[in-house]
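Here is a short briefing on the empty spaces in a protein model. Keep the sequence and the 3D view open as you read.

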Amino acid sequence: MIQSNYFQDNHDLQLHFDQLIDWNEVVHAYEGDFLDAAKYKSTGNERYSFAPSSVEEAKSYYHSILESLGEIMGDFVAPRSKEMDKIGLKYDNGKVIFPKAQEECYTTLKESGLMPIGISRKYGGLGLPVAVQSIMCELSARADAAFCLTYGNINIVEIMERYASEEMCEKWLPEIAAGKYSAAMALTEPNYGSDLPNVQTKAVQEADGSWKITGTKRFITHACGYIGSPSIILTLARTGSPESGARGLSFFLVEGKDVHIAGVEHKLGLHCSPTCEVVFDKSAGHLIGKVGYGLVKYSMGMMNAARLTIAAQSLGISQAALSEAQKYASERIQFGKPISKIPAVKKILDRMEREVCATRCLIQEAARTIELYHWKKERMLKEEGKSEKDVSSNQELRHWEKLADLFTPLSKYYASEGCVSISSDAVQIHGGSGYTEDYDVGKIFRDSRITTIYEGTTQLQIVAAIGGVVSGMSPTGNLRHYVEEELAKFQPSQDLLHLWKTLDSSVHAYKSISDSIKKDSLAFETVEIAARLICSLLLERSLTSVTGPEKEKRKSMTEDYLVDSLAIAEANSLKLERASKQAATVS
C-alpha cells in the first residue's frame with residue numbers, strides 16, 4: 001500500500017475540509033451553544049478539555065484529529081496491511097488469535113486515543129460530528145478495510161447513549177471509550193439474515209428480574225473481543241412469543257465472557273476481521289431501554305449511521321484502488337511511455353477519479369442531513385427538555401429526517417456498488433500483475449466485494465430508498481424541495497436541468513406502472529437516476545467554492561460525470577417509459 005499521510009495527500013479530501021463542508025452549519029448543529037466548553041470552564045472535568053468554544057476552534061480540533069489519524073493509517077497501518085491479510089486469523093477452541101502486526105496496529109491506535117469517535121465527551125469519547133467521523137472511516141478503510149472494522153467497532157455503543165439508562169451508560173461507556181472493551185452487534189441468525197422480525201434467539205426474565213439469553217447468532221463482527229479488550233455484545237433477542245414479530249424483540253448488552261464463540265468464517269476478503277458464530281446458553285443479558293423496542297426503535301434507529309459507515313468504508317476502499325492504479329499507471333512504461341498516457345487507460349483512470357469525487361460529495365451530504373436532524377433532535381430532548389411529541393412535530397427536523405432516511409441508503413448503495421467497480425478497474429489497470437498477489441489491488445478487490453452485501457444488500461438499500469424518491473418528488477415532497485433549493489444557490493448547467501427533468505418524468509412513469517412485480521423490478525433504475533442527479537448537483541455546486549488551477553480540472557470532471565449521468569438516466573428512463581406505456585395499454 002502507498003505510504004503517506006492519508007489525510008494530507010488527498011487533494012479532494014482537503015478541498016472538502018477547507019472549502020466544501022459548511023463548518024458553521026455542522027459545528028452549530030453538533031455543539032449548539034458550546035455547552036461542553038462551558039462545562040469544562042465551570043467544572044474542570046477533563047472529559048470536556050478538548051471541547052471547542054467557537055467554530056474556528058472546532059475546525060482546528062477536527063483538522064488535528066484527521067491529520068493524526070491520517071498519519072497512523074498511512075504510515076503505520078498501511079505498510080502492515082499485506083502481512084495481516086496473508087497471515088489472517090486463527091481459531092482455537094473458542095479463542096481467536098490475531099496476527100502480531102494487527103496487535104501492533106490496534107495497540108498504536110488505542111494508545112493514540114483516536115478510537116471513540118462516536119461516543120460523546122460526557123462518557124470519555126472524542127465528541128465528533130458525523131462529517132468528521134465519515135472522513136475518519138474513509139482514512140482507515142483506505143489503509144486496510146478489515147482493520148477499519150476493528151478501528152470502528154466500539155462506536156456502535158452510540159446506540160446506548162440514546163436509549164440506555166444513565167446508570168448503564170455511566171457503568172459501561174467510559175470503560176468502552178478507554179478501550180477496555182471492544183464491541184459487537186448481534187442481530188443476524190443462521191436462518192434469519194435481513195429478516196430480523198423473525199429472530200428467534202430467546203430472552204427469558206428470571207424471578208429476580210435478571211435476563212438469560214439462549215440462541216445462536218451468525219456473521220457477528222468482533223464478537224470474540226480483541227487483544228486484551230473483551231467484547232460486549234449488543235444483542236437482539238425475543239422477549240415476546242415466537243409469533244410476536246418485530247414488537248416482540250428487545251435489546252440487551254451481553255458480556256463476551258458469557259458466550260461461546262463456535263467458530264469464525266473463512267471469507268473471500270477481510271481476512272483480519274473476525275466474523276463469528278456466537279452461541280448464547282442462558283447468557284446473562286442486561287436490558288437496554290424498554291422491552292419490545294429492540295427492533296422497531298433501537299436497531300432501526302441506528303440504520304442511518306450503519307449505512308453511512310459502510311458507505312464511507314466503501315469510499316476508502318475506492319480511494320485505495322484509485323491511488324494504487326494512478327501510481328502503477330504513472331510508473332508502468334509500455335510503448336515508450338507511461339500507460340497513464342494511453343487513451344484507453346486514461347479513460348478508465350478518469351472515470352475512477354470522478355466516481356470517487358462524486359461519491360465523496362454524496363457521503364458528505366448524507367452526513368449533513370444527519371447532522372441537521374440527529375444532533376438537533378438530541379439537543380432538544382436532552383438539553384432543552386423538549387418532549388418526544390414536541391420534537392416529532394418540528395417541521396424542520398422532519399424535513400431533514402426524511403432526507404437522512406433517503407440519503408443514507410442512497411449513499412450505501414452508490415458507494416458500495418462503485419467500490420466494487422472501481423476496485424475491479426484497478427486490477428484491470430495493473431493487467432496480469434493485478435491478478436497476482438505481488439500488488440495490493442488483488443486484496444483491495446477481494447475486500448471490496450462485501451460492501452454491497454453487509455449492513456443491507458444493494459437490493460435492500462433500493463427498497464429503503466425508493467419510497468423516499470417517489471414521495472419526495474411529489475409537488476410538496478422533501479426531495480423536490482431540497483433539489484429546488486440547492487439549484488437556486490448557483491447557475492445550473494443545461495445538462496443538469498435536463499437530468500432534473502428526466503428524474504421528474506421517470507418518477508411519474510414509475511408511479512404509473514400498475515404491475516407490482518414489474519414496478520418493483522424497475523425500482524433500481526428509478527433510484528439510480530436520483531443518485532446520479534444528486535451527485536451531479538453536488539459536483540456542480542462545488543464549483544462555486546473552488547478557486548485556482550483546480551477549478552478547471554474539476555469543471556471538466558463534472559461535465560464528464562454529467563454526460564455519464566445523462567446516458568444512464570436516458571437508458572433507465574426508456575425502460576420506465578416503456579413499462580408505463582405497457583401498463584396503460586393493458587388497462
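The notes below cover the domains, one pocket and the cavities.

This is a predicted model. Its chain is divided into two named parts, domain 1 and domain 2. A search of the whole structure finds 2 cavities of 30 Å³ or more. The second largest pocket holds about 650 Å³ of space.

**Domains**

- Domain 1 covers residues 176-294.
- Domain 2 covers residues 465-585.
- The centres of domain 1 and domain 2, taken over C-alpha atoms, are 40 Å apart.

**The second largest pocket**

- Rolling a probe the size of a water molecule over the atoms shows where empty space is left.
- The space in the second largest pocket comes to about 650 Å³.
- Its lining is made of 29 residues.
- Nearest the centre of this pocket lie Ser-120, Glu-161, Glu-378, Lys-382 and Glu-383.
- Five helices give two or more residues each to the lining: H2 (23-31), H3 (35-43), H9 (158-163), H10 (166-177) and H13 (343-382).
- Helix H13 provides the largest share of this lining, with 5 residues.
- Sorted by class, the pocket lining has 13 charged, 11 nonpolar and 5 polar residues.

**The largest cavity**

- The volume of the largest cavity is about 60 Å³.
- Which residues line the largest cavity? They are Met-1, Ser-81, Ala-141, Arg-142, Ala-143, Asp-144, Ala-145, Ile-317, Ala-320, Lys-443, Ile-444 and Asp-447.
- Helices H7 (130-143), H12 (303-331) and H16 (441-448) are the elements that give two or more residues to this lining.
- By class, the lining of the largest cavity has 7 nonpolar, 4 charged and 1 polar residues.

**The second largest cavity**

- About 50 Å³ is the volume of the second largest cavity.
- Its lining consists of Leu-13, His-16, Ser-134, Ile-135, Glu-138, Leu-315, Arg-360, Ile-363 and Gln-364.
- Helix H1 (11-20), H7 and H13 each supply at least two of these lining residues.
- The lining of the second largest cavity divides into 4 nonpolar, 3 polar and 2 charged residues.

**Helices to find again**

- Helix H7 gives two or more residues to the lining of the largest cavity, and H7 also supplies at least two to the second largest cavity.
- Helix H13 supplies at least two lining residues to the second largest cavity, and H13 gives 5 residues to the lining of the second largest pocket.

How values were computed. Residues numbered from 1 in each chain as written. Predicted model: local features only at pLDDT ≥ 70, side-chain atom pairs only at ≥ 80, totals over all residues. Heavy atoms only, no water. Domains from an automatic or database assignment. 1 Å grid on protein atoms, 1.4 Å probe; cavity = no way out; pocket = protein on both sides within 12 Å on 5 of 7 lines; lining within 4 Å. Points joined across faces, edges and corners; volume = space filled by probe spheres on them. Helix = DSSP H or I, 4+ residues; strand = E, 2+ residues; numbered from the N terminus. Nonpolar A, V, L, I, M, F, W, Y, C, P; charged D, E, K, R; others polar.
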